[in-house]
Amino acid sequence: MNEPIFDILIVGGGVAGLSAGVFAQMGGLETHIYEKHFIPGGNLTGWDRQGCHIDNCVHWLTGTRPGAGYFDFWKTLGAIDENTVYQPESFYTSELDGQSVTFWADIEKTRRGMLELSPADEKEINRFIRAVKSAMKMENILDEEYVVKGKKLSPFAVLGYLRTGLKELGERFSHPLLRKAFSDYIMGEYSALALIMAYAAFAGGNGGLPVGGSRAMAERIAERYESLGGTLHLGKGISGLIRKGDRVCGAILDDGTRVGCDYVIFACDPYVTYSLLGQKMPKGLTKNVAAKKLPVYSSLQCAFVADGKAPFSDNVVIESKGYDDIPDRIILREFSHEAGFAPEGKNIIQVLIYIHDEQCDEWIGLRANDRATYRERKARMAAACADAIVRRYPELDGKLTLLDSWTPATYHRYFGSHGGAWMGVLLPGRFPLVTKRNVKGVKNAFLATQWLRAPGGLPNAVTGGDEAVKTMMKRIERDRKRPSEAIDIARAGEYIAVAYAKRGRSTER
């Protein structure tokens, strides 16, 4: 029986894979995406429980402001447009001992609130606000010319935080709440630049939320891909590759089906990619995903449906002292802006708890080796979260119903992610690392994964897909001019001509 021959095989139907598929189809190539899950999007997803919807992924999306960086990428993919973005009023609120501080979309309101809370920290507060506004100016998302306490905005105000971690930044403040707040919403190991850039994007209207949530956004990208003629194979995982010399010429699906390809783009976790290839991960990529100085982290999460309106807005970090199964501070999220997430008169409240690599490995091992204890421990975690919420908001007593809880083992199971990680870490003093999109020793294989550039995330996934396709196009052009290569040279030449014509370029040298 003749094997079907597919031109471009993409491993993984997450954002990187869908992005690669869209840009390849726009370039005139024929692509097939193989995704082991039954819905597209990878980690950009959500699921339904008890008539409610749980959102898994987006806390803020870089690129939601028309004209700003990444917006054109997202619009090209069909992910968002000018009418499918929701802008919250606040980034997050931190609480401690009955006091609170909020990182508002109105950055001057943030500064006033911090100064009211702690006049003694005025110098450090102004320094931080100046850095955020300078970052906004650098990204062309500042609508007016600002000075902060008489000082002009400057890139140097941002770079001054390059070697500062978030925990270290917090320690510069005298007020106990401010000392906590700066590492409440992003892990303390992160570079302070991560918070500054994220908050700058948010305050500039470039860090909103996709309407409909993560899964709806993923479905829009998948629809765009298929509208361009791409083929999305869901529930079709890849268990092995077919190699001929220095090329991948096909893949073996989980059900034993064999499919052919001329080129392959890996849009999955690097551990999955290099396991399939039977090769050692290159040093540059290893530094991004497995270096000792680059901690892996993931999260424990649970979702509740609450009777009535949530007693807080957007995101809030509350105290949760005195519990064995959760840390002293937990992040709460509410979804009142999404009317379809819960029945009328109810709202979704989700809990996010960051955990490090040792705990991640423990949860993954527990699920693999002792499922009953794993479930029991998940139940204790969720019960502690519910109790902490009610202790903070007594009006919710008897009004919370658990919908679901999930752990690093969940991410590891569904996405094949190492350590259950869903994103990398940007450490102080370390610029985002980029490695080549080529796979060493394999001429027709390319990488679209978010993990090539720290700290990963959705922006690096979408650009990763685009960069992988551009790199692949160069390879196709070279192959067209080398008849000895084991590919269909005539077809490759035809595709190059079509693709370059669509991009307004000539194939002539």
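Helices here are DSSP runs of H or I with at least four residues, while strands are runs of E with at least two, and both are numbered from the N terminus. Just past helix α10, G278 takes a positive phi of about 70°. The model is a predicted one, so local features need pLDDT of at least 70 and side-chain atom pairs count only at pLDDT 80 or more, whereas totals for chains, interfaces and linings use all residues. Residues are numbered from 1 along each chain as its sequence is written, and side-chain values use heavy atoms, with hydrogens and water left out.

Back to α10, which spans residues 270–277. Buried means under 20% relative accessible area, exposed means over 50%, and partly exposed is in between (1.4 Å probe, protein chains only). By that yardstick, P270, T273, Y274, L276 and L277 are buried in this helix. Looking down the axis of α10, these buried residues fall within an arc of 155°, so they line one face of the helix; the arc is taken from the directions running from the helix axis to the C-beta atoms. At the N-terminal end, D269 acts as a cap, with a side-chain oxygen 2.9 Å from the backbone nitrogen of Y271.

Next come the nonpolar cores. A nonpolar core is a set of buried Ala, Val, Leu, Ile, Met, Phe, Trp, Tyr and Cys residues joined through side-chain atoms within 4.5 Å. The largest one has 61 residues, and F91, F103, F128, F182 and Y199 touch the most other members. Helix α8 (residues 192–203) gives the most to this core, with ten residues. Setting aside neighbours within four places in sequence, Y199 is in contact (heavy atoms within 4.5 Å) with F91, F103, W104, I107, T110, F128 and V132. A second, separate core has 40 residues, among them A218, A222, A267 and L458.

Now for the charged pairs. Side chains of opposite charge can pair when their charged atoms come close. A salt bridge is a side-chain nitrogen of Lys or Arg within 4 Å of a carboxyl oxygen of Asp or Glu, and the structure holds 22 of them. In one, R172 meets E124 at 3.7 Å, N to O. R172 sits in the loop between α6 (166–170) and α7 (176–181) and E124 in helix α4, so the pair ties together parts that are 48 residues apart in sequence. R172 is partly exposed at 28% relative accessible area, whereas E124 is buried at 15%.

Helix α4 (residues 122–138) also holds N126, which counts as buried at 7% relative accessibility. The side chain of N126 makes a polar contact of 2.9 Å with that of R111. A polar contact is a pair of N or O atoms within 3.5 Å; within protein, one must be able to donate a hydrogen and the other to accept it, and residues adjacent in sequence count only if both atoms are side-chain atoms.

Another salt bridge joins E467 and R437, at 2.7 Å from N to O. E467 lies in helix α15 (residues 458–480) and R437 in the loop between α14 (408–415) and β20 (438–439), so parts 30 residues apart in sequence are tied together. Salt bridges that share partners also join D48, R215 and E219 into one network. Within that network, the closest N and O atoms of E219 and R215 are 3.7 Å apart. These two residues are four residues apart in helix α9 (residues 213–227), so about one helical turn separates them.
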